[in-house]
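Colleague: Walk me through this one with questions and answers, please. I'm new to this, so keep it simple.

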Amino acid sequence: MEATQRTYPVEIAGLKRDLPLFQVASGVRIAVLNVLGDTALVQAAASGLANRLAELDYSVLVTAEAKSIPLVHALSVATARPYVVLRKSYKPYMGDALSATTRSITTGDEQTLYLDAKDRELVSEARIVLVDDVISSGSTLEAMRKIMGHAGAIIAGEAAIMTEGDRSDWSDVIALGHLPIFDGSEAAVD
């Protein structure tokens, strides 16, 4: 008999979801927000973030591959601003790409992000907003910051559907909600 998956209920831009809890280390679980295929949630989150970004002066949205791609696309449509995706693998057509390495909290592995040479012109000296689905450890965000710094972009803001972990670490992030980290007993550590 299969054990029941424990979940954590959230409300994002008026939509309710039960997020499965996933173990990332001994005695540590996170609530996993996977927006891939959840069109209603992506649209609602993009609309909510577009409203929150309305007073910010920026011209380009930037995200990392892969789960936040539908979000940044919908946000691009909602804000009428272009977007750039930092890739997780280098392809020869990307030319003289910039890169930065990070360690993913969900995989535990090092990942390298790449800025395609064609997108460097778009972000160079531009005011940009970094976008992610969930900001947890901040490692992906830090890699995005490094690449944008090397590209000469000006970071006007950082946005996510949710932040996670210590809420005070993300006070400058524009987010629609916050997720706690869970101990082995599923008690929230916030």
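Colleague: Let's start with Asp119: is it buried or exposed?

Modeller: We need cut-offs: buried means under 20% relative accessible area, exposed over 50%, and partly exposed in between (1.4 Å probe, protein chains only). Asp119 has a relative accessible area of 9%, so Asp119 counts as buried.

Colleague: And what pLDDT do side-chain atom pairs need before they count?

Modeller: Some ground rules: residues are numbered from 1 along each chain as its sequence is written, and side-chain values use heavy atoms, with hydrogens and water left out. This is a predicted model, where totals for chains, interfaces and linings use all residues, local features need pLDDT of at least 70, and side-chain atom pairs need 80 or more.

Colleague: Back to Asp119, then. Which side chain does it meet in a salt bridge?

Modeller: A salt bridge here is a side-chain nitrogen of Lys or Arg within 4 Å of a carboxyl oxygen of Asp or Glu. For Asp119, the N to O distance in its salt bridge is 2.8 Å. The partner is exposed, at 59% relative accessibility. That partner is Lys118.

Colleague: How many residues separate Arg120 and Asp96, which also meet in a salt bridge?

Modeller: Their N to O distance is 3.4 Å. Arg120 is in helix H3 and Asp96 in the loop between E5 and E6, so names first: helices (H or I, at least four residues) and strands (E, at least two) are DSSP runs, numbered from the N terminus. Arg120 is partly exposed at 25% relative accessibility, while Asp96 is exposed at 57%. The pair links distant parts of the chain, and the two residues are 24 residues apart.

Colleague: Which residue meets the side chain of Arg87 in a salt bridge?

Modeller: Arg87 is partly exposed, with a relative accessible area of 21%. The N to O distance in this salt bridge is 3.0 Å. Arg87 sits in the loop between E5 and strand E6 (98–103), and its partner, 22 residues apart, is in the loop between E4 and H2. That partner is Glu65.

Colleague: Which residue does Glu65 join through a cis peptide bond?

Modeller: Most residues other than glycine have a negative phi, and most peptide bonds are trans. The bond here is cis, with omega about 25°. The residue joined to Glu65 is found in the loop between E4 and H2: it's Ala66.

Colleague: What phi does Ala80 take?

Modeller: Ala80 is found in the loop between H2 and E5. With 69% relative accessibility, Ala80 counts as exposed. Although Ala80 is not a glycine, its phi is positive, at about 60°.

Colleague: Let's go inside. Which element supplies the largest share of the largest nonpolar core?

Modeller: A nonpolar core is a set of buried Ala, Val, Leu, Ile, Met, Phe, Trp, Tyr and Cys residues joined through side-chain atoms within 4.5 Å. The largest one has 30 residues, and Ile12, Leu33, Leu75, Ile161 and Met162 have the most contacts inside it. Strands E1 (7–12), E2 (15–25), E8, E9 and E10 (174–179) each supply at least two residues, as do H1 and H2. The largest share, seven residues, comes from H1.

Colleague: Is Thr163 buried or exposed?

Modeller: Thr163 lies in strand E9 (residues 154–164). Contact means heavy atoms within 4.5 Å, and beyond its neighbours within four places in sequence, Thr163 is in contact with residues including Ile135, Trp170 and Leu179. Its relative accessible area is 4%, so Thr163 is buried.

Colleague: Last one: how are the rings of Tyr8 and Phe182 arranged?

Modeller: A whole-structure search finds two aromatic pairs. Rings of Phe, Tyr and Trp (its six-membered ring) pair if their centres lie within 6.5 Å; planes under 30 degrees apart count as stacked, over 60 as edge-to-face and the rest as tilted. The centres of the Tyr8 and Phe182 rings are 5.1 Å apart and their planes are at 65°, so the pair is edge-to-face.

Colleague: Where in the chain is Phe182, and how many residues apart are the two?

Modeller: Phe182 is buried, with a relative accessible area of 3%, whereas Tyr8 counts as partly exposed at 24%. Tyr8 belongs to strand E1 and Phe182 to strand E11 (residues 181–183), and the two are 174 residues apart.
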